[in-house]
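Here's a walk through one model, taken a piece at a time. Have the viewer open and follow along.

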There are 2 protein chains.
Amino acid sequence: MKERVYSGRQFFHRQKNNEVKRLDTVIKNNSITPVEAGSIVTPKGFCAAGIHTGVKRYRLDLGVIYCEVPASSAAVYTLNKVQAAPIKVTKDSISKEGKLQAIIVNSGNANACTGTKGVEDAFTMRQATAEVFDIPERYVAVSSTGVIGEFLQIEKIVNGIKKIKALTQVKFDAAERFNEAILTTDTINKRACFQTTINGKTITFGGAAKGSGMIHPNMATMLAFITTDANIEPVWLQKALSHVIDLTFNRITVDGDTSTNDTVVVMASGLANNESLTDEHPEWDQFVSGLQMTCEHLAKKIARDGEGATKLIEVQVKGAMNDEDAGKVAKAIVGSDLVKSAIYGTDANWGRIICATGYSGAEINPDTIDISIGNIQTLKNGMPIPFSEEEATQYLGTENILIYVDLHLGDGYGKAWGCDLTYDYVRINAGYRT
Amino acid sequence: MKERVYSGRQFFHRQKNNEVKRLDTVIKNNSITPVEAGSIVTPKGFCAAGIHTGVKRYRLDLGVIYCEVPASSAAVYTLNKVQAAPIKVTKDSISKEGKLQAIIVNSGNANACTGTKGVEDAFTMRQATAEVFDIPERYVAVSSTGVIGEFLQIEKIVNGIKKIKALTQVKFDAAERFNEAILTTDTINKRACFQTTINGKTITFGGAAKGSGMIHPNMATMLAFITTDANIEPVWLQKALSHVIDLTFNRITVDGDTSTNDTVVVMASGLANNESLTDEHPEWDQFVSGLQMTCEHLAKKIARDGEGATKLIEVQVKGAMNDEDAGKVAKAIVGSDLVKSAIYGTDANWGRIICATGYSGAEINPDTIDISIGNIQTLKNGMPIPFSEEEATQYLGTENILIYVDLHLGDGYGKAWGCDLTYDYVRINAGYRT
């Protein structure tokens with residue numbers, strides 16, 4: 001298989017003021033268009049539902065995505081060596097044929113550190129879902145998020161599963177209810193929908209995600225579910241997903257550190273009837289870009305909804321020795337509590353940005369680093385340059401903060417996303433469990 | 001040279017309740033005794049001073065340690081690839097003979113990211129100090145801490161250096177004034193003093209340190225200066241220091257990530273007149289333990305004085321495959337913002353502790369992990385066990401929090417230190433620069 005690079009470098013050009021800017025036209029240029037009202041049920045073949053089982057006091061706490069045909073499926077899981085029980089079950093299901101028809105997700109309890117009883121409970125969730133939808137158990141994935149170390153209230157959940165099938169017939173608000181059912185400390189629903197054309201057929205991608213503990217994103221459970229009607233075999237779907245994850249969801253985590261439950265699953269119904277996709281297909285890039293846009297959109301929503309966050313921070317690094325180094329620098333900056341605190345305080349503290357650059361592990365030359373905060377350049381060739389503090393403070397008062405770093409060493413490019421560090425982060429995390 | 005391990009394992013024994021406890025008798029057992037009122041000027045041959053030059057508005061901002069003889073010296077510096085100008089000067093001095101007679105330190109300005117002018121200024125500080133004390137320039141080390149990216153007010157500093165020699169004659173409060181002169185956002189002076197006996201001679205260690213931005217300790221400037229009157233050649237002093245640093249100051253940082261200015265310097269006057277120390281000396285362990293106690297004491301003070309901190313957190317890990325793995329787990333836990341927030345909120349959230357254990361990079365088996373918070377065991381063989389929430393909350397309300405993790409895989413042992421994450425951390429860092 002050919003190695004392709006989707007570094008996103010094509011999405012940028014150099015402005016005359018030496019600043020890298022996102023092209024608004026990128027999506028159109030790549031013939032990938034957002035669908036404003038779209039969701040996980042927009043691709044052909046999918047329905048969804050959310051229900052209240054009583055694990056949480058008031059909010060919806062159990063969701064399902066169902067596909068009318070067995071869908072090619074792929075998944076990526078947490079790298080944490082402590083993995084929750086549902087991950088074992090989902091791995092087991094996908095390992096059989098690479099096909100899924102249903103994903104059952106509960107929130108409020110992560111079913112992690114729950115030993116053999118926890119694994120039994122997760123298998124019970126799978127079995128109950130298979131029975132209710134009358135599909136083989138191997139076509140069911142299980143996912144959980146919430147508190148660690150407590151046993152599931154499995155009866156409540158099984159009762160919920162029995163009732164949830166009927167709800168998947170209700171089209172109105174179905175995706176919204178699924179989204180709501182998978183949230184924990186999230187404050188907003190996170191969905192995405194993009195379309196593109198392959199073999200003259202419209203291919204749709206839908207996505208739903210949860211995740212909110214973002215100051216050390218590694219420790220927040222991050223769940224994302226992507227649906228598409230593209231026709232693609234599981235092996236190619238896995239290849240595309242693994243590639244895209246590295247440039248999107250892994251760019252809102254640090255060093256591959258992840259929670260006990262992190263999972264991204266993609267299901268492809270094939271109902272768009274395009275020629276089956278492989279990396280030899282002339283429109284393979286189109287497919288991967290569509291998947292990437294969907295994942296990036298969800299990843300940014302997760303970052304923006306970081307616990308207590310008031311701002312989305314995007315770091316773009318160019319001029320690195322290679323894309324990997326660029327990613328390291330971007331992640332170090334966006335993961336720095338000092339940078340995050342400064343942005344919360346609207347303080348253009350570029351010293352903390354260069355400091356993070358220096359310890360990122362990437363190859364750098366301190367004397368060739370340029371840093372800009374939005375349009376405001378603060379460092380050129382490693383030396384501070386005068387800038388208007390007033391203008392900087394004004395910019396940092398907005399909700400979307402862009403930090404540009406140019407290392408001037410090569411053409412490596414990468415992005416990462418995070419959020420500011422606020423009083424509310426501490427408030428939320430000082431009392432989450434109790 | 002023989003490889004010796006000072007893992008501190010000898011400092012612990014197993015209690016009947018299966019809990020690892022620090023022995024209060026450790027210091028006495030090792031014949032290393034704390035000197036309550038001691039400081040950097042307690043070892044024979046040293047004096048110190050602190051002065052206000054006007055770089056800071058009110059507080060002391062320039063300090064010096066002076067030794068009446070050229071002292072064997074060793075140093076360890078930041079691993080950050082962006083290194084401040086004074087580090088270049090100190091490296092240059094020590095590289096000549098491994099001897100120092102004076103260390104000049106300013107606070108309020110880190111002289112980092114200041115290009116060739118910054119390096120010139122640091123050399124000017126060295127030259128001025130050499131002239132005032134009438135010693136060769138190669139016997140002077142230079143250190144700075146404070147804001148990054150602004151040029152030193154070098155005239156004010158040189159004027160201060162001219163006046164500071166006279167102050168080193170004043171014995172009263174000299175070490176206190178030096179300590180105060182090197183602080184930034186620190187809230188307490190950090191000093192240490194320990195004594196031991198080698199060849200029947202009393203050997204004294206004194207230490208002074210600063211450092212406070214501890215939520216991501218890597219990004220806070222940490223300076224530590226150790227004095228001793230032991231007789232030891234520079235090469236052995238460096239060997240001892242490098243070893244001890246790994247078990248003390250590096251256990252309050254994460255992954256070797258350090259600020260642009262971090263420096264630890266040790267000076268040995270030799271005036272105790274013991275036989276020159278090498279690792280073949282029968283009391284070499286005694287010397288290294290004394291140095292370790294001094295560094296550990298300072299490291300813990302730095303951790304406790306983390307910005308906004310209200311508590312010191314000590315994590316002890318045993319049963320790892322090796323000491324390195326134990327250190328990784330201890331550092332991952334103590335570096336976890338979620339753990340730190342939970343401790344601030346007096347929430348015995350062991351789920352976050354096992355989560356950090358899982359992503360630490362160390363070899364673990366999720367099913368053999370025990371966790372205790374103080375005397376309260378919360379996890380046994382990877383499974384939660386009932387405990388009194390009330391008792392746990394009460395314990396977490398105290399100022400010194402101990403977390404014990406036993407991996408049950410081998411006999412690797414390690415410790416790490418940190419502090420809780422509070423509202424005040426955010427307040428301090430949202431507005432440090434401005």
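Let's start in the middle of a sheet in chain B, where B:Val315 sits across from B:Ile403 of strand β16. Keep in mind that this is a predicted model. The pair belongs to a longer match-up: β12 of chain B, residues 312-320, runs parallel to β16(B), and seven bridges link the two. On β16(B) there is also an antiparallel pairing, this one with β13 of chain B (residues 370-373) over four bridges. There, B:Asp370 faces B:Asp406 of β16(B). How well covered is strand β16 of chain B? Mostly: five of the seven residues in this 400-406 stretch are buried. As a general point, side chains in a regular strand alternate between the two faces of the sheet.

Now over to chain A and its own sheet. Six strands make up an open, mixed sheet there, ordered β15-β14-β13-β16-β12-β17. Which strands stand at the edges? They are β15 (383-384) and β17 (412-419) of chain A; each has a single partner strand, so one side of each lacks a neighbour in the sheet. Further in, β13 (residues 370-373) and β14 (residues 376-380) of chain A run antiparallel and are joined by three bridges. A:Ile371 has A:Leu379 as its bridge partner in β14(A).

Zooming out to chain A as a whole, the secondary structure adds up to 12 helices and 17 strands. The chain has 434 residues, 62% of which count as buried. If you look at contacts between residues at least 6 apart in sequence, 79% of them join residues at least 24 apart. The exposed area of chain A is about 15500 Å², with carbon and sulfur atoms supplying 50% of it.

Next, the annotated spots. According to UniProt (an unreviewed entry), the "binding site" feature covers A:Thr184, A:Lys210, A:Thr221, A:Glu307, A:Asn429 and A:Thr434. The "active site" label in UniProt, also from an unreviewed entry, goes to A:Thr221.

A:Lys210 lies in strand β9 of chain A, which spans residues 201-210. Is A:Lys210 buried or exposed? Its relative accessible area is 2%, so A:Lys210 is buried, the cut-off being under 20%. Beyond its neighbours within four places in sequence, A:Lys210 touches several residues, among them A:Ile182, A:Asp186, A:Lys190 and A:Ile302. The contacts of A:Lys210 also include A:Thr184 and A:Thr221, both of which appear in the UniProt "binding site" list. The side chain of A:Lys210 makes a polar contact with the side chain of A:Thr145 at 3.1 Å.

A:Thr221 sits in the loop between β9 and β10 (223-228) of chain A. With a relative accessible area of 11%, A:Thr221 is buried.

Last, the cysteines. How many disulfides does the structure hold over all chains? Zero. A:Cys67 is in no disulfide, and the nearest cysteine sulfur, belonging to A:Cys47, is 8.4 Å away. That separation can be set against the 2.5 Å limit used for a disulfide.

Here are the buried residues of chain A picked out for a side-by-side look.

| Residue | Relative accessible area |
|---|---|
| A:Cys67 | 0% |
| A:Lys210 | 2% |
| A:Cys193 | 4% |
| A:Thr221 | 11% |

Notes
Residues numbered from 1 in each chain as written. Chains lettered and ligands numbered in written order. Predicted model: local features only at pLDDT ≥ 70, side-chain atom pairs only at ≥ 80, totals over all residues. Heavy atoms only, no water. UniProt positions renumbered as here; feature names shortened; annotations may be inferred. Buried < 20%, exposed > 50% of the residue type's maximum accessible area, 1.4 Å probe, protein only. Contact = heavy atoms within 4.5 Å. Polar contact = N/O pair within 3.5 Å; in protein donor to acceptor, adjacent residues only side chain to side chain. Pairing = 2+ DSSP bridges. Areas by Shrake-Rupley, 256 points an atom, 1.4 Å probe, with all protein chains shown as cover.
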